[in-house]
Amino acid sequence: MKKITAKAPANIAFVKYWGKKDAALKTPLTDSFSMTIDQSITTTTVAFDTQLTRDEVFFDGKVVSGREEQKVIEHLDRIRALGKNTLFARVYTKNSFPSGAGVASSASGFAALTLAAASALALTLSTRQLSILARLGSGSASRSIPDGFVWWHAGTDSDSSYAESLFPSDHWDIRDIVCIVSDKEKKVGSTEGMGGIRTSPFWRERLKAVPETIDACIGAVRRKNFREFGVVVERECINMHAVMMTQEPPLFYWSDTTMRIINALVDVRSRIDFPVFFTIDAGPNVHLLCESKQEKAVESFIQTIPGIVRSYSNKPTQGARIVEDHLF
Ligand code: PMV
């Protein structure tokens with residue numbers, strides 16, 4: 001059968017997803033809002049083949065095994081069920097960013113796999129249907145299907161829990177400068193971590209605040225008011241980490257270098273006009289958000305902080321798409 005290749009970006013959430021309503025369906029407790037990022041791309045080629053006697057999964061040319069392989073096979077099973085097909089597939093994947101460098105790859109990975117495998121089975125799915133399907137692989141992958149600035153509706157069931165583009169990638173020329181502070185895999189993955197959300201005394205408080213936070217964030221993006229946007233995003237990130245840190249057992253994702261970056265940023269902002277704000281996911285790496293005109297200043301700021309392994313700058317970009325350059 002036909003070989004299909006898809007590319008999909010990772011995304012950075014401004015209003016975050018932490019906590020599932022239904023663990024199997026990966027429906028979230030809250031809406032979230034994110035931006036796709038152009039330097040964190042997964043490319044995946046899929047071909048269903050009558051000659052194969054099992055699924056074959058490769059990452060960077062090497063065979064994938066264990067839990068990682070299982071997750072890919074389970075996702076292929078979902079797509080085969082939709083396509084009423086029983087053929088096995090060969091899957092090749094690579095990332096534009098180094099794996100195991102603390103940058104989440106499940107969002108871009110499952111978005112690319114969803115689009116490539118569904119297209120290889122000639123399924124014609126809408127962006128909404130693709131987003132729902134990607135969500136079943138990894139929650140945040142739902143937000144890597146649409147373009148630019150993306151709203152994931154929590155919904156009330158599987159069919160109403162999907163992400164959509166609110167503004168295209170060229171709506172606002174902002175940057176997400178990722179500061180890698182550790183090359184190690186995170187200690188507690190997001191699935192396990194968010195499983196404990198209800199043990200925090202603060203999780204309901206955050207939940208209640210999310211609709212208002214989403215409104216404020218989307219409003220600031222619509223008006224392109226960077227300061228308003230940055231204040232909301234930073235506060236929301238700290239709220240999520242307050243929930244993480246107060247879970248049982250507590251999750252401390254921040255490292256010494258994470259704190260050093262936050263403290264340095266707060267200090268610079270108290271002295272000069274420096275409209276730069278941070279957000280952090282389930283790991284120690286810091287995403288510095290700024291308008292494009294501040295990019296050089298942020299690079300100089302990063303140079304002053306010991307402990308940053310490397311950094312790279314992302315723009316908003318288009319969502320998952322089919323390309324012609326196959327990996328095998
Ligand atoms: O979909 P997952 O399991 O990669 O969860 C992502 C969780 C956070 O990165 C912490 C927040 C988010 O909304 O991306």
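User: Is Asp159 buried or exposed in this structure, and where does Asp159 lie?

Analyst: Burial is read from relative accessible area, where buried means under 20%, exposed over 50% and partly exposed in between, with a 1.4 Å probe and protein chains only. Asp159 has a relative accessible area of 54%, so Asp159 is exposed, and it lies in the loop between β8 (149-152) and β9 (163-167), strands being DSSP runs of E of at least two residues, numbered from the N terminus. This is a predicted model, in which local features need pLDDT of at least 70, side-chain atom pairs count only at pLDDT 80 or more, and totals for chains, interfaces and linings use all residues. Residues are numbered from 1 along each chain as its sequence is written, and side-chain values use heavy atoms, with hydrogens and water left out.

User: Which residues make polar contacts with the ligand, and how much of the ligand does the protein cover?

Analyst: A polar contact is a pair of N or O atoms within 3.5 Å. An N or O atom in the side chain of Arg143 is 2.8 Å from an oxygen atom of the ligand, a backbone N or O atom of Ser140 also lies 2.8 Å from a ligand oxygen, and for the side chain of Ser106 the distance is 3.4 Å. Of the 390 Å² of accessible area (Shrake-Rupley method, 1.4 Å probe) that the ligand has on its own, the protein covers 92%.

User: How many residues surround the ligand?

Analyst: A residue is near a molecule if one of its heavy atoms lies within 4 Å of it. Here 13 residues surround the ligand, the closest being Tyr17, Ser138, Ser140, Arg143 and Ser190.

How values were computed: Polar contact = N/O pair within 3.5 Å; in protein donor to acceptor, adjacent residues only side chain to side chain. Helix = DSSP H or I, 4+ residues; strand = E, 2+ residues; numbered from the N terminus.
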